[in-house]
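Visitor: Can we go through this structure together? I'd like to start with the surface.
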Amino acid sequence: MNLCRASIAFGLSIMIAGAALADNKLVGRAVLPADTFAEGPTSGQYIAAANGRTPPFIDKQPVQGFSAVLDNRDGTFLA
């Protein structure tokens, strides 16, 4: 009986979460090139060359990719 209640509760929570997200839609797409770097100390001294990239990266840091970006509606973003 408890398993049945848990399953129903889980199903309802999924439906409610889906309804809350229903207003969101993709309006654009941005691409971050693999060779995107930010200013900073030299990095990559301890890794080997791969995929056509040869470290170290002098006076720069690789920028990691973002799977999502959310607008905080105050000029800032969460990534």
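Visitor: Which residues form the nonpolar patch on the surface?
Guide: Leu32, Phe66, Val69 and Phe77 form it, and together they have about 420 Å² of accessible area. Patches take residues with over 30% relative accessible area and no salt bridge, joining nonpolar side chains (Val, Leu, Ile, Met, Phe, Trp, Tyr) within 5 Å and like charges within 9 Å. A salt bridge is a side-chain nitrogen of Lys or Arg within 4 Å of a carboxyl oxygen of Asp or Glu. Areas come from the Shrake-Rupley method with a 1.4 Å probe, and for residues only the protein chains shown count as cover.
Visitor: Is this a predicted model, and what does the numbering start from?
Guide: This is a predicted model, where local features need pLDDT of at least 70, side-chain atom pairs count only at pLDDT 80 or more, and totals for chains, interfaces and linings use all residues. Residues are numbered from 1 along each chain as its sequence is written, and side-chain values use heavy atoms, with hydrogens and water left out.
Visitor: Back to Phe77. Buried or exposed?
Guide: Phe77 is exposed, with a relative accessible area of 54%. Buried means under 20%, exposed over 50%, and partly exposed in between (1.4 Å probe, protein chains only).
Visitor: Where does Phe77 lie?
Guide: In strand β4, residues 77-78. Strands (E, at least two residues) and helices (H or I, at least four) are DSSP runs numbered from the N terminus.
Visitor: And how do the elements run along the chain?
Guide: The order from the N terminus is α-β-β-β-β, that is, one helix and four strands. Of the 79 residues, 6% count as buried.
Visitor: What about the loop between β1 and β2, where is Pro56?
Guide: Pro56 is in that loop, between β1 (37-39) and β2 (60-62). The peptide bond from Pro55 to Pro56 is cis, with omega near 0°.
Visitor: What is phi of Asn51?
Guide: Near 55°, a positive value in a residue other than glycine. Asn51 is in the loop between β1 and β2 and is exposed at 70% relative accessible area.
Visitor: And Asp59, what is its phi?
Guide: Phi of Asp59 is near 55°. Asp59 lies in the loop between β1 and β2, and at 55% relative accessibility Asp59 counts as exposed.
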